[in-house]
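Biologist: Could you walk me through this model and show me how each label is earned? I would like the reasoning as well as the result.

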Number of protein chains: 2
Amino acid sequence: MSGLYFECVPNFSEGCRPEVWERLAERARASGARVLGAEGDCEHHRAVVTFTGGEEAIYQAVLAMADEALASIDLRRHRGLHPRMGAVDVVPVVPLGPTPMEAAVALAQRIGEGLARELGIPVYLYGEATANPAHRRLADARRGGFEGLLERMRHDPPDFGPAVPHPTAGATAVGARRILIAFNVYLATDDMGVARLIARKVRESSGGLPGVQALAMDTRERGRVQVSMNLVNYPSTPLPQVFARIRDLAAELGVEVAESELVGLMPLQALLDTAREALRLPALKPEQVIEHAIARWPWEK
Amino acid sequence: MSGLYFECVPNFSEGCRPEVWERLAERARASGARVLGAEGDCEHHRAVVTFTGGEEAIYQAVLAMADEALASIDLRRHRGLHPRMGAVDVVPVVPLGPTPMEAAVALAQRIGEGLARELGIPVYLYGEATANPAHRRLADARRGGFEGLLERMRHDPPDFGPAVPHPTAGATAVGARRILIAFNVYLATDDMGVARLIARKVRESSGGLPGVQALAMDTRERGRVQVSMNLVNYPSTPLPQVFARIRDLAAELGVEVAESELVGLMPLQALLDTAREALRLPALKPEQVIEHAIARWPWEK
């Protein structure tokens, strides 16, 4: 017998006060969710809390965290590098283990409805949770940000809640998506042109690899530049393939990869893909990893 | 609160009758152990059952399986490629998770004592379970095999049990060791000399890599030769390092690696080591693997 199980990684528009992230994480814990991490970035003025749980725990956790965010964050007095639309900016729901995407879609819709009804927050659905092609991509679902919200809502009403922004908390994007791998590659050069060229060549939107979103990031104060990526479809475009492509493109330009960086978590499959490729082990199976063979999973009842 | 947890991978001298492996596995299950696999090889006339469990389940499983082996296997009518000393030939006990090696040593000694007392099987301790340097290596602990046992026992008595072989079941080596990675690399050549040269260069005993045991295997009927290895100290000599060494040695001889093969299981650490190397991700931590972050472990009470 198997239950539904999810990861949820809401983004909040508060990156400078760790005590706020801690209160947010505490509300998730108190709702029965399992908190895996809470971290913020003052420059981007943004925090992410990662937690997992069953349907009810995730729902209760998001509602409680949103309640906390309304009390602690006022977007009218908020500046940060990151584009944002709400105090609770984005709530992605990710199905784990054998949980089907449809269950994550249903949970995202329930969360959206709850945020609107209980807290008066307008909610736009995005990703797999919406049938509106103009809202599938997160960047589209929150286009215009907090400042453009009043104008936008006149012609593009939210899926749930009032057609005017919450005065201090704006609006929230709630969606369902696959696990995403946030993977950055540092190049041993201070030439931003190299990073921009490579980002353009690997990103899907300019004809690169399926499911790869890429940006050149100016990290020259560390003596190197960065290609910053989200891999949103790791089954089609495995992590080692993305790495090899960047390494080869850089080599053509006479530049070496200095180091990579994984932000947050990745699925075991990305590790298996890497070992299959690097060790020429095409037949490698997850059951051959001892820990995987003996673990018990939270979706097993 | 954390309990002790072990893997046990006993080898039995019966590779041609799957019904015997199935009975052996069933005895392990009935003793409360978790059976991960049971497989045999008729050419080597040998089977391996892999199972995990707490102290009591492992002890009871080995005793019950040995009882089954005594009823089903008669070494006086046994021929096979594999060197063997007993019907229950080798019983390795491996500590998993936070379980210390000392606990595996204590369990191996208890199993040895039990096999001798309950079933009259002479037992030699090996690996971490013995202080006798002449028995540390498994090959030394069973030197001479079944046929040489009577002569050997006169000057090299067992740790437990009678100083004469069991008439049909010989003697058993029981030991404690770390997880071992059985990893084979196929080379795209039919020149056995290449496999022999590379095996010699990587194996510890001829000055190669620490904890690497390597043999050239004649798999020319598959159009390629094999370097067959046991990596007995994967923390000191990571799997990707062994693979890279073989690939580089082969390249020097103008030969390519065709494919690799993992026999049985490997620890997550070997995958992490591989990704750290292949993706230049030195900071990668096990907690960054989603499945690892959410799993519950059998040693957690």
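**Helix α3 of chain B and beyond**

Modeller: Happily! In α3(B), the buried residues are Ala104(B), Val105(B), Leu107(B), Ala108(B), Gln109(B), Ile111(B), Gly112(B), Leu115(B) and Ala116(B). Please keep in mind that this is a predicted model.

Biologist: What covers the buried residues of α3(B)?

Modeller: The cover includes β1 (6-8), α2 (55-72), β5 (88-95), β6 (123-127) and β7 (172-176) of chain B.

Biologist: How do you know that the reach of α3(B) is close to what is expected?

Modeller: Helix α3 of chain B, residues 101-119, has 19 residues. At 1.5 Å a residue one expects 27 Å, and from first C-alpha to last the helix reaches 26 Å. Just after α3(B) comes Gly120(B), with a positive phi of about 70°.

Biologist: Now chain A. Why is Asp89(A) called buried?

Modeller: The cut-off for buried is 20 or more other C-beta atoms within 10 Å. Asp89(A) has 29 such neighbours, so it counts as buried. Its place is in strand β5 of chain A, residues 88-95. Leaving aside residues up to four places away in sequence, Asp89(A) touches Asn11(A), Phe12(A), Ser13(A), Arg84(A) and Thr172(A).

Biologist: What makes chain A as compact as a globular protein of its length?

Modeller: Let me start with its elements: chain A holds 9 helices and 11 strands. Its radius of gyration is 20 Å and the globule rule gives 19 Å for 301 residues; the two are close, so chain A is as compact as a globular protein of that length. The C-alpha trace spans about 55 × 50 × 35 Å along its principal axes, and 49% of the residues of chain A count as buried. Among contacts in chain A with a separation of 6 or more, 71% come from residues 24 or more positions apart.

Biologist: Which are the edge strands of the open sheet of 4 strands in chain A, and what makes them edges?

Modeller: The order of that sheet is β9-β10-β8-β11 (chain A), with antiparallel pairing. β9 (212-217) and β11 of chain A each pair on one side only, and that makes them the edge strands. On average, neighbouring strands are turned by 20° against each other, direction ignored. Helix α6 of chain A, residues 192-202, packs on the sheet and touches β8, β9 and β10 of chain A, its direction making about 170° with that of β9(A).

Biologist: How do you know that β8 and β10 of chain A pair?

Modeller: At least two bridges are needed for a pair. Strand β8 (181-187) and strand β10 (225-231) of chain A run antiparallel and are joined by 7 bridges, so they meet that cut-off. Ala182(A) stands opposite Asn230(A) in β10(A).

Biologist: And in chain B, why say that strand β8 is mostly covered?

Modeller: 5 of the 7 residues of β8(B), residues 181-187, are buried. β8(B) is joined to β10 of chain B, running antiparallel, by 7 bridges, and Val185(B) has Val227(B) as its bridge partner in β10(B). With β11 of chain B, residues 257-263, β8(B) pairs in the antiparallel sense over 6 bridges; there Phe183(B) stands opposite Leu262(B).

Biologist: Lastly, how many residues of chain A are in contact with chain B?

Modeller: 34 residues of chain A contact 34 residues of chain B. On the chain A side, α7 (239-252), β11 (257-263), α8 (268-278) and α9 (290-294) each supply at least two residues. That side divides into 25 nonpolar, 5 polar and 4 charged residues.

Key
Residues are numbered from 1 along each chain as its sequence is written. Chains are lettered from A and ligands numbered from 1 in the order in which they are written. This is a predicted model: local features need pLDDT of at least 70, side-chain atom pairs count only at pLDDT 80 or more; totals for chains, interfaces and linings use all residues. The radius of gyration is taken over C-alpha atoms; the globule rule is 2.2 Å times the number of residues to the power 0.38. A residue is buried if 20 or more other C-beta atoms lie within 10 Å of its own, exposed if 12 or fewer, and partly exposed in between; C-beta atoms are placed from the backbone. Two residues are in contact if their C-beta atoms, placed from the backbone, lie within 7 Å. Ala, Val, Leu, Ile, Met, Phe, Trp, Tyr, Cys and Pro count as nonpolar, Asp, Glu, Lys and Arg as charged, and the others, Gly among them, as polar. Axes are lines fitted to C-alpha atoms, for helices over the stretch in contact, and angles run from 0 to 180 degrees between N-to-C directions. The expected span of a helix is 1.5 Å times one less than its number of residues.
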